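Please keep the sequence and the model side by side while reading, since the paragraphs below move from one helix to its surroundings and then outward to the rest of the chain.

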Amino acid sequence: MAQIPNLQNGPINLTPIRDQSQKELITILKNIRGKKCLVIDQKLGGSLSLIVQTSVLKEHGAELLYLNEDPLETTCTKVVYLVQTQLHLMKFISSHIHNDNSKGLQREYFLYFVPRRGVACEKLLEDEKVHNLLTIGEFPLYAVPIDEDILSFELDSSYKECVTDGDTTSLWHIAKAIHKLEFSFGLIPNVRAKGKASVRVADMLNRLQAEEPVSSTDTGVPEINTIIILDRELDMVTPMCTQLTYEGLLDEFLHINNGAVEIDASIMGANQQDGKKMKVPLNSTDKLFRETRDLNFEVVVQVLRQKATSMKQDYTEMQTTNQTVSELKDFVKKLNSLPEMTRHINLAQHLSTLTSKPSFLGRLDMEHTIVEAESYDICLDYIEEMIHKQEPLVSVLRQLILLSVTNAGLPKRNFDYIRREILHSYGFEHIATLNNLEKAGLVKKQEGKSNWLLIKRALNLVVEDTDTTNPKDVSYVFSGYAPLSIRLIQHAIRSGWRPLEEILKLLPGTHTESKRSAFANGTLDTLPGGSHMDKVQDGRRSLVLVVFVGGVTFAEISALRFLSSQEGMAYDIIIGTTKIINGNTLTETFLEKLG
């Protein structure tokens, strides 16, 4: 099964976005005639794997290498660097060219920045005396469709850059990606934004529209009716909780990267020698995964059991009774889904082993206690015990962030004590990490009273007796906790944010609601939906694009899909995000060692 997902069955067909990027890349290769060595930075390689097959690159004369500090090993006389706009990568390129020159190798060098040129990078190349040896261009890859309803802007550290480093470059990148989308699907008439970064993205979007207008007459009725932009900073509780959907747990334990997990072949039942890894694609092209990905994991085990039992019964019937040709055909069709069944039974068995461990269940219990905000001392003792047991630093920090965010910080005495314990146990070089978290307001000294209890009650974030088998509410994705981010989106879609005014003031950053240019003939109260505008002209439902600035978890994506599938819901939802994250990957962006 291809790792490149099928994009045609989503709420909107994202294939043109992918095709455009593929075309731009092939044009770059065609313009450099003959055989060439295409050198890609490792991170970008993952994004490109969702856009173009390696075989297509080879068809256009490209030999593929990944960029690192080692000298180039190629016989090609043309070298094409396709890299993100990052300083450390410029150092690798400079060293390659210096190394070639020292050996007297004559080569032509081309450098394509993704998604655009950077002044600091070009300055470094000039300082290294290699800038004049490079032909420089851009490959404007701003968004990668990673599934039929998800666009990733591939900005791994945008949250940390914005809140800790004060670097807001990524916000322009997000606005540019959305604006590019509008050239394909029409100007989005309604914009809602909440949070400092999101409001800036909304402003930049309007500025880009003024500079390079998307004509509302050219594209007819816009395919996307509304965009809701949210800062991750509004809700740091959700990513720090353990996701309990099938896809969420796969990401927590195996880390889904570019629509695939890389795992030991032995987990998938292969008789390979120990340590051999295999890639397992996970996207909606896999019908069984499409059916189970958004379910609570407890239910997935039952679904797989039922399917396996049904297949076994069919097999028994085949052996004991005479079948008609059409019955045989149906049975063979079912057999075709056997590889998918085997794949997910193996994955589910692996997850079951991990989720039944007392340490995992203890952590879930503690997360629930922290979210309930009832027993602060018990939670602090638990974190202290984790430190003394030398559990992975990221796991400790994840719990600590959760406790700090729900309590508006830690009392000074506890704050100083926990910091000291972490530095003693994990090494003083981690002082930089703790400073990053403090600067971001994630682990800080308590300065005022926490609003968490008020927000939790007002938005009904903790739902008792959640039915995970036949869910009626988005809280099923965390078995009883409804993500704050999703509650905000729910309100934005159903009744607008005006009734929530008081609650929104308790969350960080300002919020805006506006109608744009050609559509600006009134204020935006609720989404234009409900009775008379549920459908676009060709009978489809209206479409909402929800953008997360700073990352989104698979559990939140599942909750949005659940919302969209509810009876009486007038909207389909697609998701744009800087990156798909979980508590570990988000916490890791703040890690920094001194020295």
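Just after helix H4, glycine 104 adopts a positive phi of about 75°. The model is a predicted one, and within it H4 covers residues 87-102; at 1.5 Å a residue, its 16 residues should span 22 Å, and the end C-alpha atoms lie 23 Å apart, which agrees. The buried residues of H4 are Leu89, Met90, Phe92, Ile93, Ser94, His96, Ile97 and Asp100, and among the elements that cover them are strand S3 (78-84), strand S4 (108-114), helix H5 (119-127) and strand S5 (134-138).

Three of these covering elements lead to the sheet, an open arrangement of five strands in the order S2-S1-S3-S4-S5 with parallel pairing. Strand S2 (62-66) and S5 stand at its edges, and each has a single partner strand, so one side of each is left without a neighbour in the sheet. On average, and with direction ignored, neighbouring strands of this sheet are turned by 20° against each other. Further in, S3 and S4 are paired in the parallel sense over seven bridges, and valine 80 stands opposite phenylalanine 110 in S4. Helix H1 (residues 15-31) packs on the sheet, where it touches strand S1 (36-40), S2, S3, S4 and S5, and its direction makes about 140° with that of S1. H4 also packs on the sheet, touching S3, S4 and S5, with a direction that makes about 165° with that of S3.

A second place to look is the pair formed by helix H17 (residues 393-406) and helix H18 (residues 412-426), which pack at an angle of about 175° with their axes 12 Å apart. Because angles over 145 degrees count as roughly antiparallel, H17 is roughly antiparallel to H18. On the H17 side, Leu393, Val396, Leu397 and Leu400 meet Ile418, Ile422 and Tyr426 of H18. H17 also holds glutamine 399, and this polar-named position deserves a separate look: is glutamine 399 buried or exposed? Glutamine 399 counts as buried, because its relative accessibility is 2% and the cut-off for buried is under 20%. Leaving aside neighbours within four places in sequence, glutamine 399 is in contact with Arg363, Met366, Glu367, Ile370, Tyr382, Ile383 and Met386.

From the helix pair the view can widen to the nonpolar interior. In soluble globular proteins, nonpolar side chains tend to be buried together. Here the largest nonpolar core has 125 residues, and Leu82 and Ile422 are those with the most contacts inside it. Not counting residues up to four places away in sequence, isoleucine 422 touches Ile387, Leu393, Val396, Leu397, Leu400, Gly427 and Leu434. A second, separate core of 34 residues includes Phe153, Ala202, Leu543 and Val549.

Helix H6 (residues 158-165) offers one more local example, with Ser158, Tyr159, Lys160, Val163 and Thr164 as its buried residues. These buried residues pack against helix H7 (169-185), helix H19 (431-439) and helix H24 (583-588), and H6 is followed by glycine 166, whose phi is positive, near 70°.

For the protein as a whole, there are 24 helices and 14 strands, and 54% of the 595 residues count as buried. Among contacts with a separation of 6 or more, 77% are between residues 24 or more positions apart.

Notes: Residues are numbered from 1 along each chain as its sequence is written. This is a predicted model: local features need pLDDT of at least 70, side-chain atom pairs count only at pLDDT 80 or more; totals for chains, interfaces and linings use all residues. Side-chain values use heavy atoms; hydrogens and water are left out. Buried means under 20% relative accessible area, exposed over 50%, partly exposed in between (1.4 Å probe, protein chains only). Helices (H or I, at least four residues) and strands (E, at least two) are DSSP runs, numbered from the N terminus. Contact means heavy atoms within 4.5 Å. The expected span of a helix is 1.5 Å times one less than its number of residues. A nonpolar core is a set of buried Ala, Val, Leu, Ile, Met, Phe, Trp, Tyr and Cys residues joined through side-chain atoms within 4.5 Å. Two strands pair if DSSP finds at least two bridges between them. Axes are lines fitted to C-alpha atoms, for helices over the stretch in contact, and angles run from 0 to 180 degrees between N-to-C directions. Angles under 35 degrees count as roughly parallel, over 145 as roughly antiparallel, 65 to 115 as roughly perpendicular and the rest as oblique.
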